[in-house]
Amino acid sequence: QVQLVESGGGLVQAGGSLRLSCTASGRTLNNYVMGWFRQAPGKERELVTAITWSGGYTYYADSVAGRFTISRDNAKNTVYLQMNSLKPEDTAVYSCAARLAARRTYDYWGQGTQVTVSS
């Protein structure tokens, strides 16, 4: 089992920045991919960004590329999402998730953290 705990959400004005953290526990994550998802009211959940735990491969959705940065600290078992130049359309519940690199589905989820961007 993998337990994921997010922190760092909040309210910010458009153009501002926030950093989300996701700390994992329960097992080593060398063979895992970590992802950040978001879900806005009335919309489907979408994958925002992802990173391999050991290889450093990253993925970004077009809507956040150039504004968001995913990173990890292996020593702290923590993945970060730095969000810059935030827009009102970035408002959503952000959740981190983990999946084995060999699988396509994410098996472990955090509880989510609210990010609200005011105009």
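A residue counts as buried here when its relative accessible area is under 20%. The model on screen is predicted.

**Stop 1: the disulfide**

Select C22 and C96. Both residues are buried. Their sulfur atoms lie 2.0 Å apart and form a disulfide, and the count for the structure comes to 1. Because C22 belongs to strand β3 (residues 18-25) and C96 to strand β9, the link ties together parts that are 74 residues apart in sequence. Look along the S-S bond: the angle about it is 60°, and the link of C22 and C96 is right-handed.

**Stop 2: strand β11 and its partners**

Stay with β9 and add β11, residues 113-118. Strands β9 and β11 pair in the antiparallel sense, over 3 bridges. To find one place where they meet, select Y94, whose bridge partner in β11 is T113.

Now show residues 10-13, which make up strand β2. In which sense does β2 pair with β11, parallel or antiparallel? The sense is parallel, and the pairing runs over 4 bridges. Here L11 stands opposite T116 of β11.

Turn on the side chains of β11. In a regular strand, side chains alternate between the two faces of the sheet. In β11, T113, V115 and V117 point to one face and are buried. Q114, T116 and S118 point to the other face and are not buried.

**Stop 3: the tilted pair of tyrosines**

Next come the aromatic rings. The structure holds 4 aromatic pairs. A pair of this kind is described by the distance of the ring centres and the angle of the planes. Select Y32 and Y108: the ring centres are 6.4 Å apart and the planes stand at 50°, so this pair is tilted. Y32 is in strand β4 (residues 32-39) and Y108 in strand β10 (residues 108-109), so the two rings tie together parts that are 76 residues apart in sequence. Both Y32 and Y108 are buried.

**Stop 4: F37, Y106, W109 and an arginine**

Move along β4 to F37 and add Y106. The rings of F37 and Y106 form an edge-to-face pair, with 5.0 Å from centre to centre and 85° between the planes. Because F37 lies in strand β4 and Y106 in the loop between β9 (92-100) and β10, the pair ties together parts that are 69 residues apart in sequence. F37 has 10% relative accessibility and therefore counts as buried. Y106 also counts as buried, at 14%.

Add W109 to the selection: F37, Y106 and W109 form one aromatic cluster. Then show R45. Over which rings does its charged end sit? One is the ring of F37, with the charged end of R45 5.7 Å from the ring centre. Another is the ring of W109, where the charged end is 4.0 Å from the centre.

**Stop 5: T49 in strand β5**

Finish at T49, which is placed in strand β5 (residues 46-52). Is T49 buried or exposed? Its relative accessible area is 0%, so T49 is buried. Select Y59 as well: a polar atom of the T49 side chain lies 2.7 Å from the backbone oxygen of Y59. To see the surroundings of T49, leave aside its neighbours within four places in sequence and show its contacts: M34, G35, W36, Y59, Y60, I70 and L81.

Notes. Residues numbered from 1 in each chain as written. Predicted model: local features only at pLDDT ≥ 70, side-chain atom pairs only at ≥ 80, totals over all residues. Heavy atoms only, no water. Phe/Tyr/Trp six-rings, centres within 6.5 Å; stacked < 30°, edge-to-face > 60°. Helix = DSSP H or I, 4+ residues; strand = E, 2+ residues; numbered from the N terminus. Buried < 20%, exposed > 50% of the residue type's maximum accessible area, 1.4 Å probe, protein only. Lys NZ or Arg CZ within 6 Å of the ring centre and 35° of its normal. Pairing = 2+ DSSP bridges. Disulfide = S-S within 2.5 Å. Polar contact = N/O pair within 3.5 Å; in protein donor to acceptor, adjacent residues only side chain to side chain. Contact = heavy atoms within 4.5 Å.
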